[in-house]
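Reader: Please pick one part of this model and look at it closely. Start with the terms, and be brisk.

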Amino acid sequence: MEYIRINDINTLHATKDNELFISGTDENGDDLTIIFSSFDFLQWIDGETLEHIKQQTINYIKQL
């Protein structure tokens, strides 16, 4: 498995063909695009998941 960090998310685009594109640059400054099924993404990102992400971000900011 390969792990790549997106350092700068600069594009979010949903198509009529059920695709969700998230684009940005990686840790080396190279362009990177991840394509999801829009349907699967929406099923996965529910209120509980969003709340978890928010809480982890708050915890991170408090550490700065």
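Author: Two strands count as paired if DSSP finds at least two bridges between them. Strands (E, at least two residues) and helices (H or I, at least four) are DSSP runs, numbered from the N terminus. The model is predicted: local features need pLDDT of at least 70, side-chain atom pairs need 80 or more, and totals for chains, interfaces and linings use all residues. Residues are numbered from 1 along each chain as its sequence is written, and side-chain values use heavy atoms, without hydrogens or water.

The part is the sheet. First, its setting. The chain has 3 strands and 2 helices. From the N terminus on, the order of elements is β-β-β-α-α. The radius of gyration (over C-alpha atoms) is 14 Å. The globule rule (2.2 Å times the number of residues to the power 0.38) gives 11 Å for 64 residues, so the chain is more spread out than a compact globule. Along the principal axes, the C-alpha atoms fill a box of roughly 40 × 30 × 25 Å. Of the 64 residues, 14% count as buried (under 20% relative accessible area with a 1.4 Å probe, protein chains only).

Now the sheet. The 3 strands form an open sheet in the order S1-S2-S3, with antiparallel pairing. S1 (6-14) and S3 (31-37) stand at the edges. Each has a single partner strand, so one side of each is left without a neighbour in the sheet.

Take the pairing of S1 with S2. These two strands run antiparallel and are joined by 7 bridges. One bridge partner of note: Thr11 meets Ser23 in S2. The strands form a hairpin, with 4 residues between them. Asn18 in this hairpin takes a positive phi near 65°.

The other pairing is S2 (residues 19-26) with S3. It is antiparallel too, over 7 bridges. Ser23 comes back here, with Thr33 as its bridge partner in S3. Glu19 has Ser37 as its bridge partner in S3. Thus Ser23 is bridged to Thr11 and also to Thr33. S2 and S3 form a hairpin as well, again with 4 residues between the strands. In its turn, Gly29 has a positive phi of about 85°.

What about burial of S2? Of its 8 residues, 6 are buried, so S2 is largely enclosed by the rest of the structure.

The sheet also borders open space. A pocket is an open set of points on a 1 Å grid where a 1.4 Å probe fits, with protein on both sides within 12 Å along at least five of seven lines; lining residues have an atom within 4 Å of a point. The second largest pocket is lined by Ile4, Ile6, Ile9, Leu12, Ile22, Ile34, Phe36 and Phe41. S1 gives the most to this lining, with 3 residues. S1 and S3 each supply at least two of the lining residues.

The largest pocket has Arg5, Ile6, Phe41, Ile45, Leu50, Ile53 and Thr57 in its lining. Helix H2 (residues 47-63) provides the largest share, 3 residues. Ile6 and Phe41 appear in this lining and in that of the second largest pocket.

Methods
Buried means under 20% relative accessible area, exposed over 50%, partly exposed in between (1.4 Å probe, protein chains only).
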